[in-house]
Amino acid sequence: MGETSRCASVAVIGGGIVGRSIALQLAARGITVTLIDRDGAGAASWGNAGHIATEQVEPFASPATLRSAPRRLFLRGGPLALPPAMAGSWLPFALRLVRASSRRQVAAGSRALGSLLCEAAPAWRRLGEAIGAPGLVGLDGHEVAWESARSADAGRRAWAQADTGTARPGNVDAAGHAALRRLSPAVVDAIRFVGTGRITDLDQLAHALDGALARAGVTRVAAEARLRRAGDRIVCEGVDADGIVVAAGIGSRDLMRAIGWRVPMIAERGYHVRFAPGDWPADRIPLVFEDRSMIVTRYADCVQAAGFVEFGRADAPADPRKWQRLEAHVAALRLPVGPVVSRWMGARPTLPDYLPAIGRAVGVDNLFYAFGHQHLGLTLGPVTGEVLGQLVGGETPAIDLTPFALERLTGPLP
(Lines give C-alpha, C1' and ligand atoms only; values in the text may rest on other atoms or scores of the structure.)
Protein backbone atom coordinates (compact mmCIF):
# COMPACT_ATOMS: atom_id res chain seq x y z
CA MET A 1 0.00 0.00 0.00
CA GLY A 2 1.57 3.30 -1.09
CA GLU A 3 1.89 6.41 1.03
CA THR A 4 -1.47 7.88 -0.05
CA SER A 5 -3.26 4.75 -1.29
CA ARG A 6 -6.65 3.87 0.10
CA CYS A 7 -7.58 0.82 2.18
CA ALA A 8 -10.66 -1.06 0.98
CA SER A 9 -11.19 -2.72 4.36
CA VAL A 10 -9.98 -1.81 7.83
CA ALA A 11 -9.98 -3.37 11.29
CA VAL A 12 -10.32 -0.69 13.99
CA ILE A 13 -9.24 -1.96 17.41
CA GLY A 14 -10.87 -0.09 20.28
CA GLY A 15 -14.46 0.83 21.13
CA GLY A 16 -14.00 4.11 22.98
CA ILE A 17 -14.91 7.48 21.51
CA VAL A 18 -11.70 7.55 19.45
CA GLY A 19 -12.19 4.10 17.92
CA ARG A 20 -15.89 4.60 17.23
CA SER A 21 -15.29 8.00 15.65
CA ILE A 22 -12.62 6.52 13.37
CA ALA A 23 -14.90 3.63 12.39
CA LEU A 24 -17.71 6.03 11.44
CA GLN A 25 -15.38 8.21 9.37
CA LEU A 26 -14.02 5.22 7.48
CA ALA A 27 -17.48 3.78 6.84
CA ALA A 28 -18.62 7.16 5.52
CA ARG A 29 -15.85 6.85 2.90
CA GLY A 30 -17.19 3.52 1.70
CA ILE A 31 -14.52 1.48 3.47
CA THR A 32 -15.53 -1.89 4.93
CA VAL A 33 -14.97 -1.61 8.68
CA THR A 34 -14.69 -4.19 11.44
CA LEU A 35 -14.66 -2.66 14.93
CA ILE A 36 -13.00 -4.91 17.51
CA ASP A 37 -13.97 -3.93 21.04
CA ARG A 38 -12.78 -6.13 23.89
CA ASP A 39 -13.82 -3.79 26.72
CA GLY A 40 -17.29 -2.80 25.57
CA ALA A 41 -18.66 -0.23 28.00
CA GLY A 42 -15.49 -0.44 30.11
CA ALA A 43 -13.48 2.06 28.07
CA ALA A 44 -12.43 5.25 29.83
CA SER A 45 -14.58 7.18 27.33
CA TRP A 46 -17.73 6.17 29.19
CA GLY A 47 -16.65 7.18 32.69
CA ASN A 48 -15.06 10.58 32.20
CA ALA A 49 -16.24 14.05 33.14
CA GLY A 50 -18.13 14.70 29.89
CA HIS A 51 -16.18 17.94 29.46
CA ILE A 52 -15.17 19.08 25.95
CA ALA A 53 -11.98 20.64 27.27
CA THR A 54 -10.85 22.95 24.48
CA GLU A 55 -9.14 25.16 27.07
CA GLN A 56 -6.49 22.56 27.93
CA VAL A 57 -3.99 23.64 25.29
CA GLU A 58 -0.88 23.55 27.46
CA PRO A 59 0.43 19.99 27.99
CA PHE A 60 0.51 18.79 31.59
CA ALA A 61 4.17 17.85 31.06
CA SER A 62 5.60 21.25 31.98
CA PRO A 63 7.82 23.07 34.50
CA ALA A 64 4.68 24.31 36.28
CA THR A 65 3.45 20.74 36.76
CA LEU A 66 6.80 19.64 38.15
CA ARG A 67 6.94 22.57 40.58
CA SER A 68 3.43 21.94 41.87
CA ALA A 69 3.69 18.15 42.15
CA PRO A 70 4.85 17.91 45.81
CA ARG A 71 1.96 19.97 47.19
CA ARG A 72 -0.55 18.15 44.98
CA LEU A 73 0.23 14.68 46.30
CA PHE A 74 -2.70 12.59 47.50
CA LEU A 75 -1.14 12.17 50.93
CA ARG A 76 -1.23 15.97 51.30
CA GLY A 77 -4.87 16.18 50.26
CA GLY A 78 -4.22 16.67 46.55
CA PRO A 79 -5.21 14.81 43.38
CA LEU A 80 -1.84 13.26 42.44
CA ALA A 81 -1.32 9.65 43.54
CA LEU A 82 1.96 7.78 43.11
CA PRO A 83 1.25 4.42 44.77
CA PRO A 84 4.50 2.92 46.13
CA ALA A 85 3.40 -0.57 45.09
CA MET A 86 3.27 0.60 41.46
CA ALA A 87 6.57 2.53 41.42
CA GLY A 88 7.89 0.11 38.83
CA SER A 89 5.25 1.49 36.44
CA TRP A 90 5.26 5.19 37.26
CA LEU A 91 8.92 5.90 38.04
CA PRO A 92 10.27 5.27 34.51
CA PHE A 93 7.33 7.22 33.13
CA ALA A 94 7.95 10.11 35.53
CA LEU A 95 11.59 10.35 34.43
CA ARG A 96 10.50 10.61 30.81
CA LEU A 97 7.87 13.19 31.77
CA VAL A 98 10.59 15.32 33.40
CA ARG A 99 12.67 15.15 30.22
CA ALA A 100 9.60 16.17 28.17
CA SER A 101 8.90 19.22 30.35
CA SER A 102 11.36 21.75 28.94
CA ARG A 103 9.99 25.15 27.96
CA ARG A 104 10.85 24.47 24.34
CA GLN A 105 8.90 21.20 24.32
CA VAL A 106 5.96 22.75 26.16
CA ALA A 107 5.74 25.51 23.53
CA ALA A 108 5.87 22.96 20.72
CA GLY A 109 3.34 20.77 22.51
CA SER A 110 0.95 23.68 22.95
CA ARG A 111 1.11 24.44 19.24
CA ALA A 112 0.45 20.80 18.41
CA LEU A 113 -2.44 20.38 20.85
CA GLY A 114 -3.85 23.72 19.77
CA SER A 115 -4.03 22.54 16.16
CA LEU A 116 -6.33 19.71 17.27
CA LEU A 117 -8.26 21.54 19.97
CA CYS A 118 -9.26 24.43 17.73
CA GLU A 119 -11.22 21.88 15.66
CA ALA A 120 -12.53 19.85 18.59
CA ALA A 121 -15.81 21.70 19.15
CA PRO A 122 -16.69 21.91 15.42
CA ALA A 123 -15.87 18.21 15.05
CA TRP A 124 -18.19 17.39 17.96
CA ARG A 125 -20.94 19.42 16.34
CA ARG A 126 -20.46 17.49 13.11
CA LEU A 127 -20.45 14.14 14.90
CA GLY A 128 -23.60 14.99 16.85
CA GLU A 129 -25.39 15.72 13.58
CA ALA A 130 -23.98 12.61 11.89
CA ILE A 131 -25.25 10.24 14.61
CA GLY A 132 -28.64 11.95 14.76
CA ALA A 133 -28.15 13.25 18.29
CA PRO A 134 -27.10 16.92 18.16
CA GLY A 135 -28.74 17.57 21.53
CA LEU A 136 -26.13 15.41 23.26
CA VAL A 137 -23.46 18.02 22.45
CA GLY A 138 -23.74 21.20 24.51
CA LEU A 139 -21.19 23.84 23.55
CA ASP A 140 -22.26 26.16 26.35
CA GLY A 141 -19.08 26.39 28.41
CA HIS A 142 -18.14 25.42 31.95
CA GLU A 143 -17.36 27.17 35.23
CA VAL A 144 -14.40 27.14 37.60
CA ALA A 145 -15.07 27.99 41.25
CA TRP A 146 -12.89 28.74 44.28
CA GLU A 147 -13.52 28.62 47.99
CA SER A 148 -11.25 31.43 49.18
CA ALA A 149 -10.25 34.87 47.99
CA ARG A 150 -6.61 33.80 47.95
CA SER A 151 -7.16 30.76 45.73
CA ALA A 152 -9.50 32.76 43.50
CA ASP A 153 -6.87 35.45 42.98
CA ALA A 154 -4.20 32.86 42.16
CA GLY A 155 -6.57 30.92 39.90
CA ARG A 156 -7.73 33.97 38.00
CA ARG A 157 -4.14 35.06 37.38
CA ALA A 158 -3.13 31.58 36.24
CA TRP A 159 -5.99 31.30 33.76
CA ALA A 160 -5.40 34.83 32.46
CA GLN A 161 -1.81 33.87 31.64
CA ALA A 162 -2.57 30.42 30.24
CA ASP A 163 -2.90 29.53 26.58
CA THR A 164 -6.54 28.47 26.34
CA GLY A 165 -6.80 28.39 22.56
CA THR A 166 -10.29 29.12 21.29
CA ALA A 167 -11.76 29.05 24.82
CA ARG A 168 -11.97 32.23 26.86
CA PRO A 169 -12.48 32.75 30.61
CA GLY A 170 -14.84 35.52 31.71
CA ASN A 171 -16.54 36.84 34.80
CA VAL A 172 -19.68 35.36 36.30
CA ASP A 173 -22.47 37.89 36.77
CA ALA A 174 -24.45 38.43 39.98
CA ALA A 175 -27.18 35.98 39.00
CA GLY A 176 -24.56 33.37 38.18
CA HIS A 177 -22.87 33.86 41.55
CA ALA A 178 -26.20 33.49 43.29
CA ALA A 179 -26.85 30.24 41.43
CA LEU A 180 -23.44 28.93 42.43
CA ARG A 181 -24.02 29.83 46.06
CA ARG A 182 -27.26 27.86 45.95
CA LEU A 183 -25.24 24.86 44.83
CA SER A 184 -22.56 25.38 47.47
CA PRO A 185 -22.28 28.13 50.09
CA ALA A 186 -18.51 27.49 50.06
CA VAL A 187 -18.09 29.21 46.68
CA VAL A 188 -16.40 32.62 47.00
CA ASP A 189 -15.60 33.39 43.36
CA ALA A 190 -15.85 31.83 39.92
CA ILE A 191 -15.20 32.32 36.23
CA ARG A 192 -17.10 30.99 33.24
CA PHE A 193 -15.45 29.72 30.08
CA VAL A 194 -16.97 30.16 26.65
CA GLY A 195 -15.83 27.97 23.77
CA THR A 196 -15.84 24.77 25.81
CA GLY A 197 -18.62 22.22 25.99
CA ARG A 198 -20.07 19.04 27.43
CA ILE A 199 -21.74 15.78 26.59
CA THR A 200 -25.14 15.84 28.23
CA ASP A 201 -25.14 12.07 28.83
CA LEU A 202 -22.37 9.55 28.18
CA ASP A 203 -24.67 6.52 28.19
CA GLN A 204 -26.93 8.08 25.59
CA LEU A 205 -23.86 9.04 23.54
CA ALA A 206 -22.66 5.43 23.50
CA HIS A 207 -26.16 4.29 22.45
CA ALA A 208 -26.34 6.87 19.66
CA LEU A 209 -22.90 5.88 18.38
CA ASP A 210 -23.91 2.21 18.41
CA GLY A 211 -26.95 3.03 16.29
CA ALA A 212 -24.89 5.07 13.84
CA LEU A 213 -22.30 2.29 13.51
CA ALA A 214 -25.04 -0.25 12.80
CA ARG A 215 -26.62 1.99 10.17
CA ALA A 216 -23.21 2.51 8.57
CA GLY A 217 -22.73 -1.25 8.21
CA VAL A 218 -19.80 -1.51 10.63
CA THR A 219 -19.24 -5.08 11.83
CA ARG A 220 -18.76 -5.33 15.61
CA VAL A 221 -16.57 -8.02 17.17
CA ALA A 222 -16.45 -8.39 20.96
CA ALA A 223 -13.07 -10.06 21.34
CA GLU A 224 -9.45 -9.46 22.19
CA ALA A 225 -7.52 -8.45 19.09
CA ARG A 226 -4.32 -10.28 18.28
CA LEU A 227 -1.80 -8.75 15.90
CA ARG A 228 1.20 -10.31 14.17
CA ARG A 229 3.69 -9.34 11.54
CA ALA A 230 3.52 -10.86 8.07
CA GLY A 231 6.48 -9.47 6.18
CA ASP A 232 6.01 -5.72 5.84
CA ARG A 233 2.35 -5.87 6.89
CA ILE A 234 0.39 -6.35 10.08
CA VAL A 235 -2.35 -8.97 10.30
CA CYS A 236 -5.21 -9.02 12.79
CA GLU A 237 -5.96 -12.67 13.44
CA GLY A 238 -9.45 -13.72 12.44
CA VAL A 239 -10.19 -10.53 10.49
CA ASP A 240 -9.60 -10.06 6.76
CA ALA A 241 -8.63 -6.39 6.48
CA ASP A 242 -6.25 -4.34 4.33
CA GLY A 243 -5.54 -1.83 7.07
CA ILE A 244 -5.23 -1.96 10.87
CA VAL A 245 -5.98 0.97 13.20
CA VAL A 246 -4.87 0.60 16.82
CA ALA A 247 -7.09 2.85 18.95
CA ALA A 248 -7.50 0.77 22.09
CA GLY A 249 -6.53 3.30 24.74
CA ILE A 250 -4.18 1.85 27.35
CA GLY A 251 -4.58 -1.55 25.67
CA SER A 252 -2.74 -0.16 22.65
CA ARG A 253 0.56 -0.48 24.52
CA ASP A 254 0.47 -4.28 24.57
CA LEU A 255 -0.91 -4.50 21.04
CA MET A 256 1.95 -2.41 19.70
CA ARG A 257 4.56 -4.29 21.71
CA ALA A 258 3.38 -7.59 20.22
CA ILE A 259 4.30 -6.33 16.76
CA GLY A 260 7.55 -4.62 17.64
CA TRP A 261 6.96 -1.19 19.19
CA ARG A 262 7.81 -0.23 22.76
CA VAL A 263 5.32 2.53 23.68
CA PRO A 264 6.09 4.47 26.92
CA MET A 265 2.45 4.84 27.89
CA ILE A 266 1.05 4.61 31.41
CA ALA A 267 -2.39 4.08 32.90
CA GLU A 268 -3.32 7.44 34.42
CA ARG A 269 -6.22 6.30 36.55
CA GLY A 270 -9.18 8.52 37.32
CA TYR A 271 -12.12 7.99 39.68
CA HIS A 272 -15.73 9.08 39.77
CA VAL A 273 -18.72 8.77 42.05
CA ARG A 274 -22.24 9.11 40.72
CA PHE A 275 -25.06 10.44 42.89
CA ALA A 276 -28.81 10.60 42.45
CA PRO A 277 -29.63 14.04 40.97
CA GLY A 278 -31.25 15.48 44.10
CA ASP A 279 -31.77 19.23 43.53
CA TRP A 280 -28.92 19.64 41.06
CA PRO A 281 -30.29 21.55 38.03
CA ALA A 282 -30.82 19.36 34.97
CA ASP A 283 -29.28 21.92 32.60
CA ARG A 284 -26.22 22.74 34.73
CA ILE A 285 -22.93 23.11 32.86
CA PRO A 286 -19.85 21.32 34.28
CA LEU A 287 -18.47 22.92 37.42
CA VAL A 288 -14.82 22.61 38.47
CA PHE A 289 -14.02 23.07 42.15
CA GLU A 290 -10.41 23.98 41.54
CA ASP A 291 -9.31 23.97 45.19
CA ARG A 292 -10.30 20.30 45.31
CA SER A 293 -9.32 19.32 41.73
CA MET A 294 -12.83 17.96 41.26
CA ILE A 295 -15.27 18.41 38.39
CA VAL A 296 -19.01 17.92 38.86
CA THR A 297 -21.15 17.09 35.84
CA ARG A 298 -24.90 16.64 35.49
CA TYR A 299 -25.98 13.75 33.27
CA ALA A 300 -29.52 12.67 32.47
CA ASP A 301 -30.07 10.53 35.56
CA CYS A 302 -27.17 11.36 37.87
CA VAL A 303 -24.64 13.91 39.09
CA GLN A 304 -21.04 12.82 38.77
CA ALA A 305 -18.03 14.00 40.80
CA ALA A 306 -14.70 13.06 39.24
CA GLY A 307 -11.03 13.59 39.88
CA PHE A 308 -7.55 12.22 40.64
CA VAL A 309 -4.43 11.50 38.66
CA GLU A 310 -3.20 8.11 39.82
CA PHE A 311 -0.23 6.70 37.91
CA GLY A 312 0.08 2.93 37.87
CA ARG A 313 -1.11 -0.27 36.29
CA ALA A 314 -4.42 -0.52 34.52
CA ASP A 315 -5.14 -3.91 36.07
CA ALA A 316 -4.41 -2.97 39.70
CA PRO A 317 -7.37 -2.86 42.12
CA ALA A 318 -9.04 0.50 42.65
CA ASP A 319 -8.12 2.48 45.75
CA PRO A 320 -11.38 3.04 47.71
CA ARG A 321 -9.84 6.05 49.47
CA LYS A 322 -10.24 8.01 46.23
CA TRP A 323 -13.99 7.45 46.20
CA GLN A 324 -14.16 8.29 49.89
CA ARG A 325 -12.30 11.54 49.27
CA LEU A 326 -14.67 12.53 46.44
CA GLU A 327 -17.67 11.79 48.64
CA ALA A 328 -16.11 13.82 51.46
CA HIS A 329 -15.61 16.76 49.08
CA VAL A 330 -19.25 16.62 48.01
CA ALA A 331 -20.37 16.55 51.65
CA ALA A 332 -18.06 19.40 52.67
CA LEU A 333 -19.32 21.54 49.80
CA ARG A 334 -22.91 20.69 50.78
CA LEU A 335 -23.82 19.94 47.19
CA PRO A 336 -27.57 19.29 46.74
CA VAL A 337 -27.29 15.74 45.42
CA GLY A 338 -28.90 12.47 46.43
CA PRO A 339 -27.28 9.23 47.61
CA VAL A 340 -24.41 7.46 45.87
CA VAL A 341 -25.55 5.23 43.02
CA SER A 342 -22.22 3.99 41.61
CA ARG A 343 -18.44 4.24 41.82
CA TRP A 344 -15.96 3.83 38.95
CA MET A 345 -12.26 3.82 38.17
CA GLY A 346 -10.79 3.94 34.67
CA ALA A 347 -7.39 4.30 33.01
CA ARG A 348 -6.52 7.25 30.81
CA PRO A 349 -3.83 6.32 28.25
CA THR A 350 -1.03 8.85 28.75
CA LEU A 351 2.31 9.38 27.00
CA PRO A 352 5.16 11.27 28.73
CA ASP A 353 4.83 14.50 26.71
CA TYR A 354 1.02 14.50 27.06
CA LEU A 355 0.48 14.53 23.31
CA PRO A 356 -1.53 11.77 21.65
CA ALA A 357 0.00 9.39 19.12
CA ILE A 358 -1.86 9.77 15.82
CA GLY A 359 -0.53 8.65 12.47
CA ARG A 360 0.80 5.86 10.31
CA ALA A 361 3.53 3.50 11.51
CA VAL A 362 6.92 3.67 9.84
CA GLY A 363 8.24 0.44 8.33
CA VAL A 364 4.94 -1.34 7.68
CA ASP A 365 2.45 -0.79 4.90
CA ASN A 366 -0.88 -0.95 6.65
CA LEU A 367 -0.64 0.05 10.34
CA PHE A 368 -2.24 3.22 11.72
CA TYR A 369 -2.65 4.35 15.32
CA ALA A 370 -4.59 6.80 17.49
CA PHE A 371 -4.05 6.51 21.25
CA GLY A 372 -2.49 8.29 24.21
CA HIS A 373 -5.09 11.07 24.43
CA GLN A 374 -4.71 11.40 28.25
CA HIS A 375 -7.43 13.69 29.69
CA LEU A 376 -8.52 14.73 26.19
CA GLY A 377 -9.88 11.48 24.78
CA LEU A 378 -13.48 12.63 24.83
CA THR A 379 -12.54 16.12 23.65
CA LEU A 380 -10.40 14.95 20.73
CA GLY A 381 -12.29 11.79 19.74
CA PRO A 382 -14.25 13.24 16.79
CA VAL A 383 -11.41 15.33 15.35
CA THR A 384 -9.07 12.35 15.67
CA GLY A 385 -11.65 10.31 13.79
CA GLU A 386 -11.72 12.89 11.02
CA VAL A 387 -7.95 13.09 10.50
CA LEU A 388 -7.48 9.31 10.74
CA GLY A 389 -10.34 8.86 8.30
CA GLN A 390 -8.54 11.16 5.89
CA LEU A 391 -5.20 9.44 6.37
CA VAL A 392 -6.49 5.87 6.02
CA GLY A 393 -8.74 6.94 3.15
CA GLY A 394 -5.72 8.08 1.12
CA GLU A 395 -6.30 11.81 1.65
CA THR A 396 -3.95 14.42 3.07
CA PRO A 397 -5.08 15.10 6.66
CA ALA A 398 -6.41 18.60 7.27
CA ILE A 399 -4.16 18.84 10.36
CA ASP A 400 -0.42 18.22 10.30
CA LEU A 401 0.12 14.96 12.17
CA THR A 402 3.92 15.22 12.32
CA PRO A 403 4.00 16.29 16.02
CA PHE A 404 1.93 13.24 16.96
CA ALA A 405 4.12 10.63 15.24
CA LEU A 406 4.85 7.73 17.54
CA GLU A 407 8.50 7.78 16.47
CA ARG A 408 9.03 10.93 18.58
CA LEU A 409 8.97 8.69 21.65
CA THR A 410 9.92 5.21 20.57
CA GLY A 411 11.13 3.02 17.79
CA PRO A 412 10.87 -0.63 16.82
CA LEU A 413 12.13 -3.09 19.40
CA PRO A 414 15.65 -4.41 18.69
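1. A useful term to begin with: two strands pair if DSSP finds at least two bridges between them. With that in hand, look at β17, where the bridge partner of T297 is Q304. Please keep in mind as you read on that this is a predicted model.

2. Let's stay with that pair of strands. β16 covers residues 294-298 and is joined to β17 by 5 bridges, with the two running antiparallel. The connection between β16 and β17 is a hairpin of 4 residues.

3. β17 has other partners too. Strand β14 (residues 266-275) runs antiparallel to β17, and 8 bridges join them. If you want a spot to find on screen, try Y271, whose bridge partner in β17 is G307. Strand β4 (residues 80-81) pairs with β17 as well, but in the parallel sense, over 2 bridges. Here L80 stands opposite V309 of β17. As a general reminder, strands of a sheet pair through backbone hydrogen bonds, in either a parallel or an antiparallel way.

4. How many residues of strand β17 are buried? The count is 10 of 10 for this strand, residues 303-312, so β17 is largely enclosed by the rest of the structure. "Buried" here means under 20% relative accessible area.

5. Next, turn to a small open sheet. Its 3 strands follow the order β3-β9-β5, and their pairing is antiparallel. β3 (51-52) and β5 (137-138) are at the edges with a single partner strand each, so one side of each has no neighbour in the sheet. Between β3 and β9 (residues 197-199) there are 2 bridges, in the antiparallel sense. Within this pairing, H51 stands opposite R198 in β9.

6. Now step back to the protein chain as a whole. Its secondary structure comes to 11 helices and 20 strands. The C-alpha atoms fill a box of roughly 65 × 45 × 35 Å along the principal axes. A compact globule of 414 residues would have a radius of gyration near 22 Å, and the chain's 21 Å agrees with that.

7. What about the inside and the contacts? Buried residues make up 55% of the 414 residues. Among contacts with a separation of 6 or more, 78% are between residues 24 or more positions apart.

8. Finally, the surface and the charges. The accessible surface of the protein chain is about 16,900 Å², and 53% of it belongs to carbon and sulfur atoms. The chain has 46 positive and 39 negative charges, and the mean positions of these two groups lie 6 Å apart.

Terms used: Residues numbered from 1 in each chain as written. Predicted model: local features only at pLDDT ≥ 70, side-chain atom pairs only at ≥ 80, totals over all residues. Heavy atoms only, no water. Rg over C-alpha atoms; globule rule 2.2 N^0.38 Å. Buried < 20%, exposed > 50% of the residue type's maximum accessible area, 1.4 Å probe, protein only. Contact = heavy atoms within 4.5 Å. Areas by Shrake-Rupley, 256 points an atom, 1.4 Å probe, with all protein chains shown as cover. Lys, Arg positive; Asp, Glu negative; His and termini not counted. Charge placed at Lys NZ, Arg CZ, Asp CG, Glu CD.
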